[in-house]
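Colleague: I am new to this structure. Please explain the terms applied to it and the grounds for each.

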Amino acid sequence: MSKYNFDEIIERRGTGAIKVDALEERYGSTDLIPMWVADMDFKSPQAIAEAIIERAKHGVFGYTKTSQEYYNSIINWVGNYHDWKIKQEWISFIPGIVKGIAFAVDCFTEKDDEVIIQPPVYHPFRIVPTLHHRTVVDNPLILEAGQYKMDIEGLKKLITSASKLLILCNPHNPGGRVWTKQELIDIADICYEQNVLVISDEIHSDLAFAPSKHIPFASVSYKAEQNSITFMAPSKTFNIAGIVSSYSIVPNDKLREQFHAYLSSSELESGHIFAYLAAQTAYNEGKEWLSEVKEYLWENIKYVDNYLKENIPQIKAMIPEASFLVWLDCRELNLSQPNLVSLFIKDAKLALNDGSIFGAGGEGYMRLNIGTPRANVEKAMHNLKAAIDKI
Ligand SMILES: Cc1ncc(COP(=O)(O)O)c(C=O)c1O
């Protein structure tokens, strides 16, 4: 028996949670099961709240330095959990990974330079460079036997002298792939030789389900290490996205100097009291909670997969190797994208992400967040079946 009660339904309405309190604004109704924004509906490890409360009791909240304990917690976590030995000077706090991507785009590319992404992929990979007036170039993933793989030959062909950056989602959102070492080595070789800097977004890395094991991009080869910026965070792992406590890891001296100079010119590397405290507490004390939550998530994934197979075989779940997002292949329903979205929202009363926002290859898909008590997942599946039975 788990000592954590992930079945507990916690009311999030009225807390400012985007997932529930922005339903009206985004979906035109509050009467929906919220299964979109990628946070979970579970309480974070208790030690985090306790550390914050204890610190808050002090009552003085002045400027706060980055503590040695914070750095140690990251070095130990990345070393122990991902077998990647990193040095303290490689690490910098950043105020969020999407922001980190924007900083890297701004720091390492110029207007109209090409930024390569591999859709379908987390939509800010496309939106952020576009809003910075860069040219986003797609190297779409290849769908093979219900799973994505990278188009390595395609990548070789599309790189030009204007290609400056490749943004890698490692592990992948929305498909949940934990990329193989060979795939990462191939990306590293091509990008190193063509002078394309790799930004590896590893926010979902701690949530890989055994036997899948996350491989940090920079750890696969010298070329990967010397030509990359890695972003990690305890935010998805321990459900503390609202605290904002991400960090970058840059092993290459020259790239690091440039990136850290960029960050410090606007004091972007400076976190807040609770960001450091929450991150170090999570890493130092959250391992057991993480292992339990992963078991619970895995059961939810299996439930969805079995339910669909038995009751809605027209929809197929792509089983994630990491994280709590399930990519639903709804193409066999033969609905236009607006009708598919309407089926989920209006008929089934489910707030999911419209697959088309993830770019090429996303049409016909919806993204389901199963980071919620089983009862919600069950209700969602029943609603979906009832809606589909009426088509
Ligand atoms: C791949 C990926 N990167 C980044 C983020 C967001 O990170 P942050 O909140 O630190 O900007 C998400 C959230 O869903 C994500 O899935």
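The exchange below takes up the ligand site and then several individual residues.

Modeller: This is a predicted model, in which local features need pLDDT of at least 70 and side-chain atom pairs count only at pLDDT 80 or more, while totals for chains, interfaces and linings use all residues. Residues are numbered from 1 along each chain as its sequence is written, and side-chain values use heavy atoms, with hydrogens and water left out.

Colleague: Which residues surround the ligand?

Modeller: A38, G96, I97, V98, Y122, C169, N173, D201, I203, H204, K236 and S246 surround the ligand. A residue is near a molecule if one of its heavy atoms lies within 4 Å of it.

Colleague: How does this shell divide into nonpolar, polar and charged residues?

Modeller: The shell holds six nonpolar, four polar and two charged residues. Ala, Val, Leu, Ile, Met, Phe, Trp, Tyr, Cys and Pro count as nonpolar, Asp, Glu, Lys and Arg as charged, and the others, Gly among them, as polar.

Colleague: What makes the approach of N173 to the ligand a polar contact?

Modeller: A polar contact is a pair of N or O atoms within 3.5 Å; within protein, one must be able to donate a hydrogen and the other to accept it, and residues adjacent in sequence count only if both atoms are side-chain atoms. An N or O atom in the side chain of N173 is 2.8 Å from an oxygen atom of the ligand, so the pair qualifies. For the side chain of H204, the distance from an N or O atom to a ligand oxygen is 2.7 Å. A polar side-chain atom of K236 also lies 2.8 Å from an oxygen atom of the ligand.

Colleague: How much of the ligand does the protein bury?

Modeller: The ligand taken alone exposes 400 Å², and the protein buries 86% of that. Such areas come from the Shrake-Rupley method with a 1.4 Å probe; for residues, only the protein chains shown count as cover.

Colleague: Why is R12 called buried?

Modeller: Buried means under 20% relative accessible area, exposed over 50%, and partly exposed in between, with a 1.4 Å probe and protein chains only. R12 has 17% relative accessibility and therefore counts as buried. R12 is placed in the segment before α1 (18–21), and its side chain makes a polar contact of 2.9 Å with that of D39.

Colleague: What places I48 in a helix, and is I48 buried or exposed?

Modeller: Helices (H or I, at least four residues) and strands (E, at least two) are DSSP runs, numbered from the N terminus. I48 belongs to helix α3, residues 46–58. Because its relative accessibility is 3%, I48 counts as buried. The C-alpha atoms of I48 and I190 are 41 Å apart, with their positions 142 residues apart along the chain.

Colleague: Why does G146 count as partly exposed?

Modeller: The value for G146 is 47%, so the residue is classed as partly exposed. G146 lies in the loop between β5 (142–144) and β6 (147–149). A145 is found in the loop between β5 and β6; its relative accessibility of 85% is why A145 counts as exposed. Phi of A145 is near 50°, a positive value in a residue other than glycine.

Colleague: Where is D83, and why is D83 called exposed?

Modeller: D83 is in the loop between α4 (68–82) and β2 (91–94). At 55% relative accessibility, D83 therefore counts as exposed.
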